[in-house]
Amino acid sequence: MPVEEFVAGWISGALGLVLGHPFDTVKLLGFFKGMSFPIASIAVVNSVLFGVYSNTLLVLTATAHQERRAQPPSYTHIFLAGCTGGFLQAYCLAPFDLIKVRLQNQTEPMAQPGSPPPQYRGPVHCAASIFREEGYRGLFRGAWALMLRDTPTMGVYFLTYEGLCRQYTPEGQNPSSATVLVAGGFAGIASWVAATPLDVIKSRMQMDGLRRRVYQGVLDCMVSSVRQEGLGVFFRGVTINSARAFPVNAVTFLSYEYLLRLWG
Ligand SMILES: C[N+](C)(C)CCCC[C@H](N)C(=O)O
């Protein structure tokens, strides 16, 4: 199985993440100390995404990434490969994302002298506490919503990227850096706009059960959120998601393409 896509996905995801970190932190108005944990998690997750995407295309079209400029895969195959990558990366992402959301939602600990310490002291302590209090399955709380969020929207992600690259690149040639940046940025925006409704639900499911269980499942969470807050609830955070998505995914795709060309 070709592995360079996994490695390129690892490095490019980490670079994109460094750029996106400030946006991620304001997104939930919480705080999130340090970057080693997100870097470690994106290493696994982005490498699974890009590695599975490329290897699925290899299975579907019998072309390796070096041959795909000359023999471009169909959009159906690109979408299916993106969905497969999204589906598998969602399961790797689930525990990391849960920990991130739980830490970001902690209230400011140092606000008042004498106020109770935060529930979780850091990512490892958070993982251990969830495991102890909610069991192994607790680490996968919200995973179902995450999978529903990422499977189709990762299809949209690669479809937008490839579509825009092809639009602005003469046939058989590699896209220019400017094209890759713009196509990557818009792929990020398109997929995040599509992903935002389920992103809201996913985060609520991940916070559920901390004190008591409020939602019975994904559908119940959707219905009661809409009932209480109206349809606008599905677009919460769409602006900040898009603002973050452009630079993060422009850099992710640029470095991914660059590394793959470097390795032949
Ligand atoms: C599928 N979904 C829209 C959720 C994400 C698509 C882009 C993934 C990228 N690592 C990022 O963090 O922006």
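A residue counts as part of the shell around the ligand here if one of its heavy atoms lies within 4 Å of the ligand. Keep in mind throughout that this is a predicted model.

**View 1. The residues around the ligand.** Going by that cut-off, the ligand is surrounded by Arg149, Asp150, Thr153, Met154, Tyr157, Ser191, Trp192, Ala195, Arg244 and Asn249. Helices H5, H6 (177-207) and H8 (238-262) each chip in with at least two residues of this shell. The top contributor is H5, with 5 residues.

**View 2. Polar contacts to the ligand's oxygen atoms.** Let's start with Trp192: an N or O atom in its side chain sits 2.9 Å from an oxygen atom of the ligand. Arg244 puts a polar side-chain atom 3.0 Å from a ligand oxygen, and for Asn249 the distance from a polar side-chain atom to an oxygen of the ligand is 3.0 Å. As for how much of the ligand is covered, it would expose 380 Å² if taken alone, and the protein buries 92% of that.

**View 3. Helix H5 and its kink.** H5 runs over residues 143-167. Look for Thr153, where a kink of about 25° is centred; Thr153 also turns up among the residues surrounding the ligand. Does the end-to-end length come out long, short or as expected? With 25 residues at 1.5 Å each, H5 should span 36 Å, and its end C-alpha atoms are 35 Å apart, so the two agree.

**View 4. Helix H8, from its kink to the glycine that follows.** H8 is bent too: a kink of about 30° lies at Ala245, shortly before the proline Pro247. End to end, the 25 residues of H8 reach 35 Å from first C-alpha to last, close to the 36 Å expected at 1.5 Å a residue. Past the helix comes Gly264, which has a positive phi, near 90°. Back at the ligand, Arg244 and Asn249 are both part of the surrounding set.

**View 5. A nonpolar patch on the surface.** Phe87, Leu88, Tyr91, Trp144 and Leu148 make up a nonpolar surface patch of about 460 Å². Two elements give two or more residues to this patch, namely helix H3 (75-104) and H5. H3 gives the most, with 3 residues. Trp144, one of the patch residues, has its place in helix H5, the helix that also gives the most residues to the shell around the ligand.

Definitions and conventions: Residues are numbered from 1 along each chain as its sequence is written. This is a predicted model: local features need pLDDT of at least 70, side-chain atom pairs count only at pLDDT 80 or more; totals for chains, interfaces and linings use all residues. Side-chain values use heavy atoms; hydrogens and water are left out. Helices (H or I, at least four residues) and strands (E, at least two) are DSSP runs, numbered from the N terminus. The expected span of a helix is 1.5 Å times one less than its number of residues. The bend at a residue is the angle between axes fitted to the seven residues ending there and the seven starting there. Patches are made of residues with over 30% relative accessible area and no salt bridge: like charges are joined within 9 Å, nonpolar side chains (Val, Leu, Ile, Met, Phe, Trp, Tyr) within 5 Å. Accessible areas come from the Shrake-Rupley method with a 1.4 Å probe; for residues, only the protein chains shown count as cover. A salt bridge is a side-chain nitrogen of Lys or Arg within 4 Å of a carboxyl oxygen of Asp or Glu. A polar contact is a pair of N or O atoms within 3.5 Å; within protein, one must be able to donate a hydrogen and the other to accept it, and residues adjacent in sequence count only if both atoms are side-chain atoms.
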